[in-house]
Amino acid sequence: PHNLRLSKKKLNWKGKESAIAFEEDGIRSKLLQFESPCYVISDGKQLGVTTEGSIDTSGSAKTGGWKVVASTPEFPLDRLGDPEFNKQYGSQYTYYAGSMAHGISSEELVIALGQAGYMGSYGAGGITPDRLEEAILKIQGELLNQPYAFNLIKPFSDELERRAVELYLKHGVTTIEASAYIDLSPHIVHYRVAGLSLNANGQIEIKNRIIAKSSRREVFTKFLEPAPDKYLQPLIEQGLITEEQAKLAQQVPMADDLTVEADSGGHTDNRPLVSLLPSIIALRNEIQDKFNYPTPIRVGAAGGIGTPEAALAAYVMG
């Protein structure tokens, strides 16, 4: 394990010898028990691994017995990533399943993920408004207090984008995943700004959350910055947002989270995650310094993550 700490002192392990694993299968089983601390111990003849017992920290020098060679504290998987993501979306893990268009990311998938503590995004791209409304009602009927999201995708028709936003606002869908945008649109700005208000303490509350998915710095810049004025005034004139909401929109970014999409099978430039992710994190930090948002935008990674080692690398990169 990458986070095993070598023991600098000669510490003794106390416990039952029956709890020590020596063979590969037993050791593997111990290493996968993330909820428990893990000890690599030696009696001078052989190494063993255990998740039970304790370390004698009294400092007294004892001869014989089991010496601690390395140890790691318990590390449950829900500690990975930014805990604010979990708090915001009500998920157990800082992981969500992105949408695949035409309902390939189906109601059943989103419901199963939500019931298991993960957030899934319904693949609304190319779906007719009637079919989308049916999906919204089904998912909301099953996931009363569990996380879910719906996709909003740009390459399909302007009319489908507009109708999708109207349905999301009508039915209180409070998290969308914005995919394949090259520029912002009046419809996605409408969704974001229509959910802004002031609470009793005079703080801005953001009801409608956006996770922006892209592989381009220039696109992410648009979501990292506040909504442009050119979209706000027409929305006011159409009665879709209020003057107060337009003013609040100047103080918040267009997105709460960014999904950096590297060499995946979706809308991507096939860039390697090891280069792309640090670049977008640096861009986020630069714009955060400029606008000083109370809650910095979170950054996630997707694409080219097909092994446990790749998943760990994404978390290590931030």
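**Reading the cores and helix α3 of a predicted model**

Guide: In the largest nonpolar core, which has 60 residues, those touching the most other members are Leu 132, Phe 150, Tyr 168, Ile 188, Val 189, Phe 223 and Leu 258. Helix α10 (residues 273–291) gives the largest share of this core, 7 residues. This is a predicted model, in which local features need pLDDT of at least 70 and side-chain atom pairs count only at pLDDT 80 or more, while totals for chains, interfaces and linings use all residues. Residues are numbered from 1 along each chain as its sequence is written, and side-chain values use heavy atoms, without hydrogens and water.

Visitor: What is a nonpolar core?

Guide: A nonpolar core is a set of buried Ala, Val, Leu, Ile, Met, Phe, Trp, Tyr and Cys residues joined through side-chain atoms within 4.5 Å. Buried means under 20% relative accessible area, exposed over 50%, and partly exposed in between, with a 1.4 Å probe and protein chains only. Here a second, separate core of 7 residues includes Trp 13, Ile 20, Tyr 39 and Val 68. Of the chain's 318 residues, 44% count as buried.

Visitor: With which residues is Leu 132 in contact, neighbours within four places aside?

Guide: Contact means heavy atoms within 4.5 Å. Leu 132 meets Tyr 122, Ala 124, Ile 127, Phe 150, Ala 164, Leu 167 and Tyr 168 in this way, leaving aside neighbours within four places in sequence.

Visitor: Which residues of helix α3 are buried?

Guide: Helices (H or I, at least four residues) and strands (E, at least two) are DSSP runs, numbered from the N terminus. An α-helix has 3.6 residues a turn, so residues three or four places apart point the same way. In α3 (residues 107–115) the buried ones are Glu 107, Val 110, Ile 111, Leu 113 and Gly 114. They lie on the same side of α3, because their arc around the axis is only 165 degrees, taken from the directions from the helix axis to the C-beta atoms. Their cover includes β7 (96–97), β8 (119–122) and α4 (129–142). After α3 comes Gly 117, with a positive phi near 95 degrees.

Visitor: Why does Ile 236 count as buried?

Guide: Ile 236 counts as buried because its relative accessibility is 16%. This residue belongs to helix α8 (residues 229–237). Beyond neighbours within four places in sequence, Ile 236 contacts Ile 241, Thr 242, Glu 243 and Ala 246. Ala 246 is 10 residues away in sequence, with a C-alpha to C-alpha distance of 7.7 Å from Ile 236.
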